[in-house]
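Here are my notes on the model you sent, set out as numbered points. Please keep the structure open beside them as you read.

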Amino acid sequence: MIEVHVGDITRLHVDVIVNAANQHLAGGGGVDGAIHRAAGPRLLEACREIGGCPVGEVRATPAFSIPVKRIYHTVGPVWRGGNLGEPELLASCYRQCLALARRENMRSIAFPAISCGVYDYPPELAVEIAVEEVQAHFDRDTQPQTVIFCCFDEAMAELYRQQLDAYVRR
Ligand code: APR
């Protein structure tokens, strides 16, 4: 099942929330800042112990004060025009998070719009990749069974809805 939700990802009742982190796992603004604020200072300690995460990969931590099971920190690409591997790296973020959720037996996972804020990825293009990767997951697997695209605003949610409709019509 795929759902589109508008709101703060730290308030969702799911097994996993995904963080749009940076390579140093050092915390930051945007969704990263919101997640660190809600989880509390132990999250930064856990991230420091991990040490970092390459672009397109994922690292998992406990969620501390956020009432979910896990936080998956993935690092999206910075948009530099689209010819530097950005689409493949963004797709890899979604793929690796879904594969890890499957290995960890997580039933539900919520994604923010990775790279669509500070990292400047054009939302229309990012949403296309996000939807494609999640649909490909459901072609192969049943677990995690619920994927939520969590958007901070209605305009972004509308892009996901349009893309999901387009996919169903193909
Ligand atoms: N819940 C859900 N979505 C949110 C939230 C929230 N609480 N806060 C922001 N967003 C949305 C933004 O509106 C945007 O659409 O998340 C999307 C991703 O934006 P960013 O958080 O800026 O992430 P990204 O573009 O991947 O940039 C990552 O930003 O804060 C730093 O440490 C982070 O360096 C890293 C960079």
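1. A good place to begin is the surroundings of the ligand in this predicted model. Helix α1, which spans residues 30-39, gives the largest share of the shell around the ligand, namely four residues. In total, 22 residues surround the ligand, and the closest of them are N22, G29, D32, S115 and G117.

2. The make-up of that shell can also be described by class, and you may wish to colour the residues accordingly. Twelve of the residues in the shell around the ligand are nonpolar, eight are polar and two are charged. As for where the ligand is found, it sits in the largest pocket.

3. Next, please look at the polar atoms that face the ligand. In the side chain of D32, an N or O atom is 2.6 Å from an oxygen atom of the ligand, while a polar backbone atom of V31 is 2.8 Å from an oxygen atom of the ligand. A backbone N or O atom of C116 also takes part, with a distance of 3.5 Å to an oxygen atom of the ligand. Taken on its own, the ligand has 710 Å² of accessible area, and the protein covers 90% of this.

4. Away from the ligand, how many aromatic pairs does the structure hold? There are three aromatic pairs in the structure. One of them is formed by F149 and Y160, whose ring centres are 4.5 Å apart and whose planes meet at 25 degrees; because planes under 30 degrees apart count as stacked, this pair is described as stacked. The pair links distant parts of the chain, since F149 belongs to strand β6 (residues 146-151) and Y160 belongs to helix α5 (residues 154-169), with the two lying eleven residues apart.

5. Two features of the backbone deserve a careful look, and the first concerns a proline. The peptide bond that joins Q143 and P144 is cis, with an omega of about -5 degrees. You will find P144 in the loop between α4 (123-140) and β6.

6. The other backbone feature concerns a phi angle. Although L25 is not a glycine, this residue has a positive phi of about 50 degrees. L25 is placed in the loop between β2 (16-20) and α1, and helix α1 is the element that gives the largest share of the shell around the ligand.

Note on methods: Residues numbered from 1 in each chain as written. Predicted model: local features only at pLDDT ≥ 70, side-chain atom pairs only at ≥ 80, totals over all residues. Heavy atoms only, no water. Near = heavy atom within 4 Å. Polar contact = N/O pair within 3.5 Å; in protein donor to acceptor, adjacent residues only side chain to side chain. Areas by Shrake-Rupley, 256 points an atom, 1.4 Å probe, with all protein chains shown as cover. 1 Å grid on protein atoms, 1.4 Å probe; cavity = no way out; pocket = protein on both sides within 12 Å on 5 of 7 lines; lining within 4 Å. Sits in = over half its atoms within 2 Å of the grid points. Nonpolar A, V, L, I, M, F, W, Y, C, P; charged D, E, K, R; others polar. Phe/Tyr/Trp six-rings, centres within 6.5 Å; stacked < 30°, edge-to-face > 60°.
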